[in-house]
Amino acid sequence: MRKVAIIGVGMTKFGENWDESFRGMVTEAGVKAIQDANIKGDEISAGYLGTMASGSLVGQEHAGALIADYMGLNPVPITRVEGACASGSIALRQGVLAVASGLHDIVVVGGVEKMTDLDTAAVSQILGGAGDQEWELFMGATFPGLYAMMARRHMYEYGTTEEMLASVAVKNHSNGVNNKHAQFQREITLEQALNSKMVADPLRIMDCSPITDGAAALVLAPLDSATSYNEKPIEVVASEQTSGTLALHDRESLTSIKAAKIAGQRAYNYAGISPSDIDIAEVHDCFTIAEIIATEDLGFFAPGEGGRAALEGKTRIGGEVAVNTSGGLKSTGHPVGATGVKQACEVAWQLRGDAAERQVKDISYGLTHNVGGSGATAVVNIFQRGY
Ligand code: COA
């Protein structure tokens, strides 16, 4: 297998992008990544596009062909992949496999979702299809409800408090202030978070990621030729994808996402490193409890200690491990198919030293953790400098 590097990154602003179409957002992110990579369009030999629900959200299926055509890439094969909120990371992993195998040299990877054209109730119903439609969604359990059950169990087993949950939101909003791509570039206080409106007890609106439009893109190349395109390539050291139980009621535990835990362990093994080697991590904080569970599943903190660690500032920039320097899903927004690709953009910017005010010093390894639904799909990637 060849080593693979990211040679170009690009993304749109995340938020309510009324003025941009689905195809326009992918194109904007893609063109930025292509320019960043210093490649010409005719050097691209394949592409992978992650989108969870373009058919239901904007009425557009056949998204791979649409983008190949609209971006003037025909006859390059662009393959759409879907794995709920992990669709973007699966697209990245498919691109990595294509370059690593030697089948393709220059591959573009994209992720996109346009969610704000519909109202919250309609979007919740569509997203809920990423859980168990028959045993969860049909009974009225949408994602805030599912993660609320995980939060309640974490509180019961470990004494995690609403204050600990809120501290995750406060940190991520604080990081998002310095991210021009973020949907919410504003600080919030612990009091504001704790007094915000209840969505699904104990999760309040400030515990939830929002509904978002946005796209992100990457260009991949073999590591051994990467510096001929970009003087700061970022090596994808490991990329692991796992599957797990779809419905919560079938799980051994509600306080851990087994698929993510296994993906993390496999990624560390592949890279030959341990959790303590990770300096920055973009984790899937679709709800604040999800970030707490992620930091435990990834081995940064012992089971049950993630909430306390967040409250004590161990996950802030300058703490033990800087978690969600971009602002995470909470503040940057969560256009579901784009999130995994956006996480890789942030880690690439951090490793290159291009993250401006939110730059973390002395980074060796960065990690992305992206979960589909309530954890039936998980992807963990590890990155380091390739120069
Ligand atoms: N965090 C902070 N502010 C938020 C927010 C969030 N998650 N969601 C909305 N807001 C803000 C809006 O910007 C708006 O502010 P404004 O009045 O200043 O313009 C206000 O709150 C009301 O927004 P609205 O869109 O009416 O909120 P809503 O009640 O319809 O939706 C949620 C809020 C939390 C229910 C919705 O964002 C949601 O369902 N999030 C979860 C999405 C999800 O499940 N993703 C998949 C995860 S696996």
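**Group meeting: backbone features, an aromatic pair and the ligand site**

Good morning. Pro 75 is found in the loop that runs between helix H3, residues 63–70, and strand E3, residues 78–81. I begin there because most residues other than glycine have a negative phi, and most peptide bonds are trans. The bond that leads from Asn 74 into Pro 75 is cis, with omega near 10°. Please keep in mind throughout that this is a predicted model.

A second cis peptide bond joins Asp 201 to Pro 202, again with omega near 10°. Pro 202 is likewise a loop residue, placed between strand E5, residues 198–200, and strand E6, residues 203–204.

Staying with the backbone, I turn to Asn 38. Its phi is near 55°, which is a positive value in a residue other than glycine. Where does Asn 38 lie? It belongs to the loop between helix H1, residues 22–37, and strand E2, residues 46–50.

Let me move on to the aromatic side chains. The count of aromatic pairs comes to two. One involves Phe 143 and Tyr 147, whose ring centres are 6.5 Å apart. Why is this pair classed as tilted? The planes of the two rings stand at 40°, and the tilted class takes those pairs that are neither under 30 degrees, which would be stacked, nor over 60, which would be edge-to-face. Both residues belong to helix H6, residues 143–158, and because they are four residues apart in that helix, about one helical turn separates them.

I come now to the ligand, which sits in the largest pocket. There are 17 residues around the ligand, and those that come nearest are Thr 120, Lys 197, Cys 208, Ser 209 and Lys 330. By class, this shell is made up of eleven nonpolar, three polar and three charged residues.

Which ligand atoms face the polar side-chain atoms of Thr 120, Lys 197 and Lys 330? For Thr 120, an N or O atom of the side chain is 2.6 Å from an oxygen atom of the ligand. For Lys 197, a polar side-chain atom lies 2.9 Å from a ligand oxygen atom. For Lys 330, the partner is a nitrogen atom of the ligand, 2.8 Å from an N or O atom in the side chain. As for burial, the ligand taken alone exposes 920 Å², and the protein buries 67% of that area.

That concludes my presentation. Thank you for your attention.

Terms used. Residues are numbered from 1 along each chain as its sequence is written. This is a predicted model: local features need pLDDT of at least 70, side-chain atom pairs count only at pLDDT 80 or more; totals for chains, interfaces and linings use all residues. Side-chain values use heavy atoms; hydrogens and water are left out. A residue is near a molecule or strand if one of its heavy atoms lies within 4 Å of it. A polar contact is a pair of N or O atoms within 3.5 Å; within protein, one must be able to donate a hydrogen and the other to accept it, and residues adjacent in sequence count only if both atoms are side-chain atoms. Accessible areas come from the Shrake-Rupley method with a 1.4 Å probe; for residues, only the protein chains shown count as cover. On a 1 Å grid over the protein atoms alone, a cavity is a set of points where a 1.4 Å probe fits but cannot get out, and a pocket is an open set with protein on both sides within 12 Å along at least five of seven lines; lining residues have an atom within 4 Å of a point. A molecule sits in a cavity or pocket if more than half of its atoms lie within 2 Å of its grid points. Ala, Val, Leu, Ile, Met, Phe, Trp, Tyr, Cys and Pro count as nonpolar, Asp, Glu, Lys and Arg as charged, and the others, Gly among them, as polar. Rings of Phe, Tyr and Trp (its six-membered ring) pair if their centres lie within 6.5 Å; planes under 30 degrees apart count as stacked, over 60 as edge-to-face and the rest as tilted. Helices (H or I, at least four residues) and strands (E, at least two) are DSSP runs, numbered from the N terminus.
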